[in-house]
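Work through the exercises below with the sequence and the structure open. Try each task before reading its solution.

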Amino acid sequence: MTGDADFDDVGTPDLRSAHVIVVGNEKGGTGKSTLSIHLTVALLKAGFRVATIDLDTRQQTLTRFLENRRSWARTAPWEVELPFHHALQRGNSNNVRDNETVEFGAFADAIAQVEHCYEFVVIDTPASDSYLMRLAHSLADTLVSPVNDSYIDVDVFSRVHHDKARRGAVAHYADLVIEARRRRHQVDQGIIDWILVRNRIASLQSNNAKQISITLGKMAHELKFRPAEGLHDRVIFRELFPIGLTALDPIEEAMRTGHLSASQQAARREIADLLSTLSLPERGSGMAHLQARHEWFDRISLYYRDLEQRGQDGAF
Ligand SMILES: Nc1ncnc2c1ncn2[C@@H]1O[C@H](COP(=O)(O)OP(=O)(O)OP(=O)(O)O)[C@@H](O)[C@H]1O
Ligand SMILES: [Mg+2]
């Protein structure tokens with residue numbers, strides 16, 4: 001694993017630009033890290049060069065998973081694909097602006113290190129509303145938000161209430177995404193493709209699940225996201241964490257069963273379906289993202305320089 005740019009036969013650097021997939025939702029425990037893990041492995045298995053960035057500086061679930069995977073890879077009887085990984089640290093100064101400047105610099109460096117030599121960057125974000133988390137959202141080309149089949153989860157997107165008059169107001173996480181889209185649009189007319197993915201769907205059909213699906217369908221138009229039939233609640237999506245594997249790896253060998261159960265096969269299909277719903281760009285999609293990202297970073301740098309000169313604090 002290296003972060004060096006590739007060169008073609010005549011020594012020209014390969015300047016394709018990475019497509020940034022941010023996995024985010026301000027609600028905790030909805031499956032952000034689980035989706036980040038499975039999307040990363042799915043993209044690697046599809047032959048793409050993938051970099052990952054862990055912005056969850058406290059839990060570092062994605063980082064832990066990749067540590068386990070790297071360790072398993074050392075003795076695995078087959079090739080275990082690994083992304084180039086970067087775990088970001090939070091600024092630890094008492095001064096908010098200093099922290100933001102440091103975090104912005106570290107994040108911009110992490111992106112700069114990978115944008116020319118990887119086709120996808122998958123960014124796992126924390127549930128807490130932090131500067132880094134907002135910054136990542138404003139940079140997403142594709143934003144994937146897992147949501148569980150519960151009105152508590154829906155309520156961070158659109159206010160859920162028994163009184164019709166108080167129902168449907170844009171709630172805090174949707175507000176954060178709208179703001180990220182607005183800022184991004186100002187700078188480069190970039191479009192953040194937002195996909196809401198149902199996660200941990202119960203295997204038994206229930207009226208609740210049906211209602212949630214209808215509610216998400218209605219919200220999609222207003223909040224401009226695409227709803228996706230996502231992942232069922234399956235043991236296979238969580239049990240392989242200690243060895244850093246996923247349902248997509250040759251687990252029939254790792255588990256010495258020699259075959260895949262119906263649920264494991266279904267898990268693979270769900271991930272494949274999710275990937276196709278995301279409609280990610282084909283290889284070598286050009287320089288548009290790269291230029292947009294640079295303009296965006298320049299704009300934020302200017303903002304901090306300006307604040308510095310005026311001796312003010314502030315969050316971009
Ligand atoms: N489809 C699924 N099937 C079974 N278990 C799942 C599934 N998705 C997530 N889980 C489990 O749900 C829990 C929360 O998942 P995860 O850690 O991915 O959520 P998160 O959104 O990243 O949480 P946090 O907000 O704390 O970062 C974990 O125990 C995980 O193993
Ligand atoms: Mg997580």
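The exercises go from the whole chain to helix pairs, then to single residues.

This is a predicted model, in which local features need pLDDT of at least 70 and side-chain atom pairs count only at pLDDT 80 or more, while totals for chains, interfaces and linings use all residues. Residues are numbered from 1 along each chain as its sequence is written, chains are lettered from A and ligands numbered from 1 in the order in which they are written, and side-chain values use heavy atoms, with hydrogens and water left out.

**Exercise 1. The chain as a whole**

Task: State how many helices and strands the chain has, and what percentage of its residues is buried.

Solution.
Step 1. Helices (H or I, at least four residues) and strands (E, at least two) are DSSP runs, numbered from the N terminus. The chain has 10 helices and seven strands.
Step 2. Buried means under 20% relative accessible area, exposed means over 50%, and partly exposed is in between (1.4 Å probe, protein chains only). Of the 316 residues in the chain, 50% are buried.
Step 3. Contact means heavy atoms within 4.5 Å. Among contacts between residues at least 6 apart in sequence, 76% join residues at least 24 apart.

**Exercise 2. Two crossings of helix α1**

Task: Classify the angle that α1 makes with α2 and the angle that α1 makes with α9.

Solution.
Step 1. Axes are lines fitted to C-alpha atoms, for helices over the stretch in contact, and angles run from 0 to 180 degrees between N-to-C directions. Angles under 35 degrees count as roughly parallel, over 145 as roughly antiparallel, 65 to 115 as roughly perpendicular and the rest as oblique.
Step 2. Helix α1 (residues 32-45) packs on helix α2 (residues 61-75) at about 45°, and their axes are 9 Å apart. Therefore α1 is oblique to α2.
Step 3. In this contact, Ser-33, Ser-36, Ile-37 and Val-41 of α1 meet Thr-61, Leu-62, Phe-65 and Arg-69 of α2. Sorted by class, these are four nonpolar, three polar and one charged residues. Here Ala, Val, Leu, Ile, Met, Phe, Trp, Tyr, Cys and Pro count as nonpolar, Asp, Glu, Lys and Arg as charged, and the others, Gly among them, as polar.
Step 4. The axes of α1 and helix α9 (residues 262-278) come within 10 Å and cross at roughly 85°. So α1 and α9 are roughly perpendicular to each other.
Step 5. From α1, the residues Leu-35, His-38, Leu-39, Ala-42 and Leu-43 take part, and from α9, Ile-271, Leu-274, Leu-275 and Leu-278. This contact of α1 with α9 has eight nonpolar residues, one polar and no charged.

**Exercise 3. Helices α3 and α4**

Task: Describe how α3 and α4 cross, and list the residues that meet.

Solution.
Step 1. Helix α3 (residues 96-114) and helix α4 (residues 131-139) have axes that come within 10 Å and cross at roughly 40°. The two helices are therefore oblique to each other.
Step 2. Glu-100, Glu-103, Phe-104, Phe-107 and Ile-111 of α3 meet Tyr-131, Leu-132, Leu-135, Ala-136 and Leu-139 of α4. The contact of α3 with α4 holds eight nonpolar, no polar and two charged residues.

**Exercise 4. The nonpolar core**

Task: Find which residues have the most contacts inside the largest nonpolar core, then follow Ile-123.

Solution.
Step 1. A nonpolar core is a set of buried Ala, Val, Leu, Ile, Met, Phe, Trp, Tyr and Cys residues joined through side-chain atoms within 4.5 Å. The largest has 47 residues, and those with the most contacts inside it are Ile-53, Phe-107, Ile-123, Phe-157, Tyr-173 and Trp-194. Another core, apart from it, has 38 residues, including Leu-43 and Leu-278.
Step 2. Ile-123 lies in strand β4 (residues 120-124) and is buried, at a relative accessible area of 0%.
Step 3. Not counting residues up to four places away in sequence, Ile-123 touches several residues, among them Val-20, Ile-53, Phe-107 and Ala-136. Ile-123 and Ile-53 are 70 residues apart along the chain, yet their C-alpha atoms are separated by 4.8 Å.

**Exercise 5. Positive phi**

Task: Are Gln-60 and Lys-224 buried or exposed?

Solution.
Step 1. Most residues other than glycine have a negative phi. Phi is near 50° in Gln-60 and near 60° in Lys-224, both positive values.
Step 2. Gln-60 is in the loop between β2 (50-54) and α2, and is buried at 10% relative accessible area.
Step 3. Lys-224 is in the loop between α7 (207-223) and β7 (226-228), and is exposed at 60%.
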